[in-house]
Amino acid sequence: MMEEFHVDRPQAEQYIRIGVRLAKQAVREYSRRSGREAFVAASLGSYGATLADGSEYRGNYGVPCEQLERIHSERVRCTLLESPDMVAFETIPDAEEVKTILRLMETKFSDTPFWVSLQCRSESQLADGSNLDEISAYINELTPSSMVALGVNCVQPELVRPVVERIRSGLGSSTQILTICYPNSGEVWEEGWRHVAGETPSPEVWSNIVVQSGADIVGGCCRTTTSHIRSLRELLY
């Protein structure tokens, strides 16, 4: 991706850090104006997103876990230099990548709160075809000490409820890990975003679908707008 945008490594790292600073600045301003507490989750996408070819919607990278761990470790270390409240691993389509992230956070960054949000092809499968229950079982076995939430993002709105319910069932009633979902607008990705006439829900319908998912933390992903988030907020407050 650095080649795609014609930047070198120091520039890329600087942009990551600037992003966290800007988010913290926005949170301070929001808290000052609203009196509400807010937090900054530093967004770190999947390895597939760095390839800039849509691999975050497919998985099955064909690279060793050691390479995945190195890349994610470097980005986490860079992000933490700006002290975000937590780290968000988003649009993760690949089961081996999820497991690599979980091990990395438990062994090297165990004091850093984080969540993992998956990219799924169905209510029971990740984008790479892996069984969703495999992820819940691995988390129950590893018991990551600083994991805040597990969920799904950048999927069709109608998919979030069955995925959230399956995750919650897989983790079990005794877990302290929250569920999270933030779907896209309902448009379809086919080597670019495509609007399907009559199939993309209005912001009001979209926000109702998201709230009805029952997830503990909700939001919007690709192609959602301020109208979507405003409608969602009105339902929640």
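User: Which residues does Val160 touch, leaving out those up to four places away in sequence?

Analyst: In this predicted model, Val160 touches Val152, Val155, Cys181, Pro183, Ile209 and Ser213. Each counts as a contact because heavy atoms lie within 4.5 Å. Val160 itself lies in helix α7, residues 157-171.

User: Why is Val160 called buried?

Analyst: Its relative accessibility is 0%. Buried means under 20%. Val160 therefore counts as buried.

User: How far apart are the C-alpha atoms of Val160 and Ile180?

Analyst: They are separated by 9.2 Å. Along the chain, the two residues are 20 apart.

User: Lys99 carries a charge that counts as positive. Is Lys99 buried or exposed, and how do you know?

Analyst: Lys99 has 13% relative accessibility. The cut-off for buried is under 20%, so Lys99 counts as buried. Its place is in helix α5, residues 95-108. Beyond residues up to four places away in sequence, Lys99 touches Glu134 and Tyr138.

User: How many disulfides does a search of the whole structure find?

Analyst: The search finds 0. Cys120 is in no disulfide. The nearest cysteine sulfur to it belongs to Cys181, 11 Å away. A disulfide needs two cysteine sulfur atoms within 2.5 Å, so that pair does not qualify. Cys120 is also buried, with a relative accessible area of 5%.

User: What about Cys222, and why is its pair with Cys154 not called a disulfide?

Analyst: The sulfur of Cys154 is the nearest cysteine sulfur to Cys222, at 3.6 Å. The limit is within 2.5 Å. Therefore Cys222 is in no disulfide.

User: Why is Cys222 called partly exposed?

Analyst: Its relative accessibility is 28%. Buried means under 20% and exposed means over 50%, with partly exposed in between. Cys222 therefore counts as partly exposed.

User: How many helices and strands are in the chain, and what makes the chain as compact as a globular protein of its length?

Analyst: There are 9 helices and 8 strands. The radius of gyration is 17 Å. The globule rule gives 18 Å for 237 residues. The two values are close, so the chain is as compact as a globular protein of that length. The C-alpha atoms fill a box of roughly 40 × 40 × 40 Å along the principal axes.

User: What share of the 237 residues is buried?

Analyst: Buried residues make up 43%. The chain exposes about 12100 Å², and carbon and sulfur atoms supply 49% of that area.

Terms used: Residues are numbered from 1 along each chain as its sequence is written. This is a predicted model: local features need pLDDT of at least 70, side-chain atom pairs count only at pLDDT 80 or more; totals for chains, interfaces and linings use all residues. Side-chain values use heavy atoms; hydrogens and water are left out. Buried means under 20% relative accessible area, exposed over 50%, partly exposed in between (1.4 Å probe, protein chains only). Helices (H or I, at least four residues) and strands (E, at least two) are DSSP runs, numbered from the N terminus. The radius of gyration is taken over C-alpha atoms; the globule rule is 2.2 Å times the number of residues to the power 0.38. Accessible areas come from the Shrake-Rupley method with a 1.4 Å probe; for residues, only the protein chains shown count as cover.
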